[in-house]
Amino acid sequence: MISIIPKPLKCKEKNGHFIITNGTTIGGAFSHAIDKLVGYVEKAGVSLKKDNENSNISFVLDEKLSVEEYALNVTEDGIIILASSENGAFYASQTLRQILLLDTLSDVSEISVPCVDIIDKPRFS
């Protein structure tokens, strides 16, 4: 069972895992959130490669979402993060950080990401 604090609005766990290894690609919109996630993963021991054309981990601009809302979709083929702002993308990267238990990992060669669909946005303003 995935543990995320605060609990997201919607969280549906699925079968399977996406494996992050050295050379896994990351790119898209929201360079600040991308840089943060790259730093978290590298601290665990895995080097990501930035590639905006063909990314395994993609940050995608979706203007239909509210300012701090995000959707996080993990499949066996990769990770897609939808957000309409850098704030939403940052919150998605923080959720992914918790799912990956990145604060507990060091000197690993791969990171297993459980397949999941998450939608979240602030409930209190």
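**Core**

I started with the largest nonpolar core: it has 33 residues, and Ile 20, Ile 57, Phe 59, Leu 72 and Ile 79 are the ones touching the most other members. I then checked which elements feed this core, and at least two residues each come from strand S1 (10-21), helix H1 (31-44), strands S4 (57-61), S5 (70-75) and S6 (78-83), helix H2 (86-99) and strand S7 (110-120). H1 gives the most, seven residues. Note to self: this is a predicted model.

**Leu 72 and Thr 95**

I picked Leu 72 for a contact list. Beyond four places in sequence, Leu 72 touches Ile 79, Ile 80, Ile 81, Ala 92, Thr 95, Leu 96, Ile 99, Val 116, Asp 117 and Ile 118. Across the strand pairing, Leu 72 stands opposite Ile 118 in S7.

Next I went to Thr 95, which is found in H2. Buried or exposed? Thr 95 is buried, at 5% relative accessible area. Leaving out residues up to four places away, I find Thr 95 touching Ile 4, Tyr 70, Leu 72 and Ile 118.

**Sheet**

I traced the strand order and got an open sheet of seven strands, S1-S7-S5-S6-S4-S2-S3, with mixed pairing. S1 and S3 are the edge strands, each pairing on one side only. I also looked at S5 with S7: the pair is antiparallel, over five bridges.

**Helix H1**

Does the length of H1 add up, and what should its 14 residues span? At 1.5 Å a residue I expect 20 Å, and the end C-alpha atoms are 20 Å apart, so the length agrees.

Then I listed the buried residues of H1: Ala 33, Ile 34, Leu 37, Val 38, Tyr 40, Val 41 and Ala 44. Looking down the helix axis, I see these buried residues fall within an arc of 165°, so they line one face of H1. On the face turned away from that buried side I noted the exposed residues Ser 31 and Lys 43. What covers the buried residues of H1? The cover includes S1, strand S2 (25-28), strand S3 (49-50), S4, H2 and S7.

Right after H1 comes Gly 45, and I wrote down its phi as positive, near 115°.

**Glu 76**

I moved on to Glu 76, which sits in the loop between S5 and S6. Glu 76 is exposed, with a relative accessible area of 54%. I still find contacts for Glu 76 outside its four-place neighbourhood in sequence: Asn 15, Gly 16, His 17, Phe 18 and Cys 115. I also took a C-alpha to C-alpha distance from Glu 76 to Pro 114: 8.5 Å in space for 38 residues of sequence.

**Cysteines**

Last, I looked for disulfides, taking sulfur pairs within 2.5 Å. The count is zero. Why does Cys 11 have no partner? The closest cysteine sulfur to that of Cys 11 belongs to Cys 115 and is 12 Å away, too far for a bond. From the other end I get the matching answer: the sulfur of Cys 115 has its closest cysteine sulfur in Cys 11, at 12 Å.

I checked the surroundings of both cysteines as well. Cys 11 is partly exposed, with 37% relative accessible area, whereas Cys 115 counts as buried at 2%.

Technical notes: Residues are numbered from 1 along each chain as its sequence is written. This is a predicted model: local features need pLDDT of at least 70, side-chain atom pairs count only at pLDDT 80 or more; totals for chains, interfaces and linings use all residues. Side-chain values use heavy atoms; hydrogens and water are left out. Buried means under 20% relative accessible area, exposed over 50%, partly exposed in between (1.4 Å probe, protein chains only). A nonpolar core is a set of buried Ala, Val, Leu, Ile, Met, Phe, Trp, Tyr and Cys residues joined through side-chain atoms within 4.5 Å. Helices (H or I, at least four residues) and strands (E, at least two) are DSSP runs, numbered from the N terminus. Contact means heavy atoms within 4.5 Å. The expected span of a helix is 1.5 Å times one less than its number of residues. The arc is that of the directions from the helix axis to the C-beta atoms. Two strands pair if DSSP finds at least two bridges between them.
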